[in-house]
Amino acid sequence: CPGPEPIPVRAREPEALQATLQEPFRPGMPLEVRVVTWNMEGTCGPESASDLIEPKDFHLCIVGSQECERSIAKSAINSSKAKWEEKLAAAMGENFSVVTSLTLMAIHLIVFARSDVVEFIQEVQAQEVSTGLLNGTVGNKGGVSVAFMVGHTSVLVVNAHLAAHQTKVSDRNSDYRRIVAGTTIRSSKTLAPIPQMQPAEAKASFALPAEGRSPSVAPPEGAFEAVLHGNATEHFDLVVFLGDLNYRIDGERHMVDILLKDSSFHDVLLANDQLLRERRRGNAFHGFQEGPLTFPPTYKFHKEDGLSTSQYDQSQKRRVPAWTDRILFRTHPSSADRLSLFTYTSLDTMPLRISDHRPVMAMFSFLTHELPEGGASPTAAPAASGPPSRKASMALPVPAPSSGDPQPPGAAGAMPPSPRQGPQTSKTCTIS
């Protein structure tokens, strides 16, 4: 089985898109969104970021990056992403404003909105969750999340960099669970509960490995309850989860190279994609959907003279090509059938070849909910108790909500260690 059924990519006439974009946005209309994820390999990107965001045929633009502007090690000392944000803002132009941005070491997330959408954006919140070194307290790996309302539609965006290396599937699953359990930001919009796991299943999802973690160290406070009673991804109309998720293709390098040359074997590659397999097994990204993987694996490209080539890793490690860079979606049942995916692909232009990863881009439309009777957008939720998370580095130039800037309960970047388990191998459709 190649994996879960993908979201179909729909065809759309350019005229239909332009007709939507020419009309001033209002709640109840389709929200046109462009999403980009890119592991920048410690660079500050090309001289211009236009190749990532052109053409500007959208209302909202989400750009998540990993290893942004400098290496992970250097980002521990200086995590500023000011230069990259300046490049993105310059490419976006004056008709777009920054909704917010957030940085966790080398992980960066920024959201832009067109001027006519800005007036409908409220309740902007941001939070980070670390899953990296020192038992999960360092942000070399982890996720940054941004939540906001567009009129009466609640949106959550998560950009993550999960555990690396071919065999660390369980670690990636654990990082994912830790991020969604540790993300405590919520919208003031009340949605119907989604059926949850039984207590035994919730406990099992945070089971400690026999080795690799001290039994005296507890999982995140409230982690069991978060899984049992719903994580952040279940409390929004729309969730976009993007990043270098680091899931690989299980197989020997020489065989994967052969299969990549013959499109008739594409399903074999999909059957051995770790993320598709883990989703099928229910180990990670429950309730999420993804577009079809019709583009080539996005990692790891061989580099010569500072630029990546069309060849995959030629070093002694000869890493197996993989779809490490992904964009997934989750919609609440009350928003079923509101999302239409029009593009899911990788980007390959010479200016973008400064990294050993190819950027991945998705274009989709989400039919927003109309404002409730009375025509007013919902007011911001009251501030939660407890210490705030790290605030976003920018905010919209719109009046602050009357109840103050809502903050999630619990300090960001201070999560207890994440469970680590040994390598997993697929027992079916194995490539050798």
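## Cysteines, a buried helix and some unusual backbone

Cys61 sits at 0% relative accessibility, so it counts as buried. Cys68 likewise has 0% relative accessibility and counts as buried. Keep in mind that this is a predicted model. So what about disulfides? A search through the whole structure turns up zero of them. For Cys68, the nearest cysteine sulfur belongs to Cys44 and is 6.7 Å away, and Cys68 is in no disulfide. The cut-off for a disulfide is a pair of cysteine sulfur atoms within 2.5 Å.

Stepping back to the chain as a whole, the secondary structure adds up to 12 helices and 15 strands. Of the 432 residues, 56% count as buried. Take the contacts between residues at least 6 apart in sequence: 76% of them join residues at least 24 apart.

One helix worth a closer look is H7, which runs over residues 169–182. Is H7 enclosed by the rest of the structure or left open? Since 14 of its 14 residues are buried, H7 is largely enclosed by the rest of the structure. Its length works out too: at 1.5 Å a residue, the 14 residues should span 20 Å, and the end C-alpha atoms are indeed 20 Å apart, so the two agree.

H7 also meets helix H12, residues 274–281. Two packed helices are described by the angle between their axes and the distance between those axes. Here the axes come within 11 Å and cross at roughly 60 degrees, and the crossing is right-handed. On the H7 side, the contact is made by Val169, Arg172 and Asn173, while H12 brings Gln274, Arg277 and Glu278. Sorted by class, that contact has one nonpolar, two polar and three charged residues.

Now for the backbone. Most residues other than glycine have a negative phi, and most peptide bonds are trans. Against that background, here are four spots to look at in the model.

| Site | Feature | Value |
|---|---|---|
| Glu54 and Pro55 | cis peptide bond | omega about -5 degrees |
| Tyr299 and Lys300 | cis peptide bond | omega about -5 degrees |
| Met105 | positive phi, not glycine | phi near 55 degrees |
| Glu123 | positive phi, not glycine | phi about 55 degrees |

Where do these sites fall? Pro55 is placed in the loop between helix H2 (50–53) and strand E2 (60–66). Lys300 is in the loop between strand E9 (289–290) and strand E10 (301–304). Met105 belongs to the loop between strand E3 (96–104) and strand E4 (107–114), whereas Glu123 is found in strand E5, residues 121–130.

Are the two positive-phi residues buried or exposed? With a relative accessible area of 13%, Met105 is buried. Glu123 has 2% relative accessibility, so it counts as buried. The cut-off behind both calls is under 20% relative accessible area.

One more loop residue rounds out the tour. Asn78 lies between helix H3 (72–75) and helix H4 (82–92), in the loop joining that pair. At 36% relative accessibility, Asn78 counts as partly exposed. Its C-alpha atom is separated by 9.2 Å from that of Ala106, a residue 28 positions apart from Asn78 along the chain.

Note on methods:
Residues numbered from 1 in each chain as written. Predicted model: local features only at pLDDT ≥ 70, side-chain atom pairs only at ≥ 80, totals over all residues. Heavy atoms only, no water. Buried < 20%, exposed > 50% of the residue type's maximum accessible area, 1.4 Å probe, protein only. Helix = DSSP H or I, 4+ residues; strand = E, 2+ residues; numbered from the N terminus. Expected span 1.5 Å × (residues − 1). Axes fitted to C-alpha atoms, helices over the stretch in contact; angles between N-to-C directions. Left-handed = near helix turned anticlockwise from the far one by under 90°. Contact = heavy atoms within 4.5 Å. Nonpolar A, V, L, I, M, F, W, Y, C, P; charged D, E, K, R; others polar.
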